[in-house]
Amino acid sequence: SKMKLEIVKILKTEGYIKSFKIVADEKTKHQIIKINLKYDDENKAVIHGMEKISTPGRRVYSGYKDLPRVHNGYGTLIISTSIGVTTGKKASEKMVGGELICQVW
């Protein structure tokens, strides 16, 4: 979906993944996102954790003044706003709130 593709683009720009590409599945003709994970010099994954905040049964919204910090500023908050899917830092700079999707650290 478009939401998943936007989340992957954010992970790429924030430096959590190395690359991604969209591939068509031969059997079902659906599009699949192939992601190459990024590792540091010691072969440890750059993504230490990822937590979903909003679920279909419980949506979590926040204004731009009340956006939570992820691991004391070392993580990234992904938020769906009226201007599109963006990070928490960009949302607070543009003074827009929205639905909290997930946090990555």
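## Strand E5 and its partners

Strands E5 and E7, the latter covering residues 98-104, pair in the antiparallel sense over 6 bridges. The model described here is a predicted one. Within the pairing of these strands, Leu77 stands opposite Gln103 of E7.

E5 also pairs with strand E6 (residues 84-87), again in the antiparallel sense, and this pairing runs over 4 bridges. Ile79 has Thr86 in E6 as its bridge partner. The connection from E5 to E6 is a hairpin of 2 residues. E5 itself, which spans residues 76-81, is mostly covered, with 5 of its 6 residues buried.

## Nonpolar cores

The largest nonpolar core has 11 residues in all: Ile7, Val8, Ile10, Leu11, Tyr16, Ile17, Ile78, Val85, Ile101, Cys102 and Val104. Helix H1 (2-13) and strand E7 each supply at least two residues of this core. The most is given by H1, which contributes 4 residues.

Ile78 is a member of this core. Leaving aside residues up to four places away in sequence, Ile78 touches Ile7, Ile10, Leu11, Val85, Thr86, Glu99, Leu100, Ile101, Cys102 and Val104. A second core, separate from the one above, has 9 residues, among them Ile53, Leu67, Leu77 and Val96. Leu77, the residue opposite Gln103, is thus placed in the second core, whereas Ile78 belongs to the largest one.

## The loop between E4 and E5

His71 is found in the loop between strand E4 (61-62) and strand E5. Its phi is near 50°, a positive value in a residue other than glycine. His71 counts as partly exposed because its relative accessible area, 46%, lies between the limits of 20% and 50%.

Asn72 is placed in the loop between E4 and E5. For Asn72, phi is near 60°, which is likewise positive in a residue other than glycine. Asn72 has a relative accessibility of 58% and therefore counts as exposed, the cut-off being over 50%.

## A nonpolar surface patch

Ile35, Leu37 and Tyr39 make a nonpolar patch of about 290 Å² on the surface. Tyr39 lies in the loop between strand E2 (31-37) and strand E3 (50-52). With a relative accessible area of 48%, Tyr39 is partly exposed. This value is over 30%, the accessibility required of a patch residue, so Tyr39 meets that condition for the patch.

Methods
Residues are numbered from 1 along each chain as its sequence is written. This is a predicted model: local features need pLDDT of at least 70, side-chain atom pairs count only at pLDDT 80 or more; totals for chains, interfaces and linings use all residues. Side-chain values use heavy atoms; hydrogens and water are left out. Patches are made of residues with over 30% relative accessible area and no salt bridge: like charges are joined within 9 Å, nonpolar side chains (Val, Leu, Ile, Met, Phe, Trp, Tyr) within 5 Å. Accessible areas come from the Shrake-Rupley method with a 1.4 Å probe; for residues, only the protein chains shown count as cover. A salt bridge is a side-chain nitrogen of Lys or Arg within 4 Å of a carboxyl oxygen of Asp or Glu. Buried means under 20% relative accessible area, exposed over 50%, partly exposed in between (1.4 Å probe, protein chains only). Two strands pair if DSSP finds at least two bridges between them. A nonpolar core is a set of buried Ala, Val, Leu, Ile, Met, Phe, Trp, Tyr and Cys residues joined through side-chain atoms within 4.5 Å. Contact means heavy atoms within 4.5 Å.
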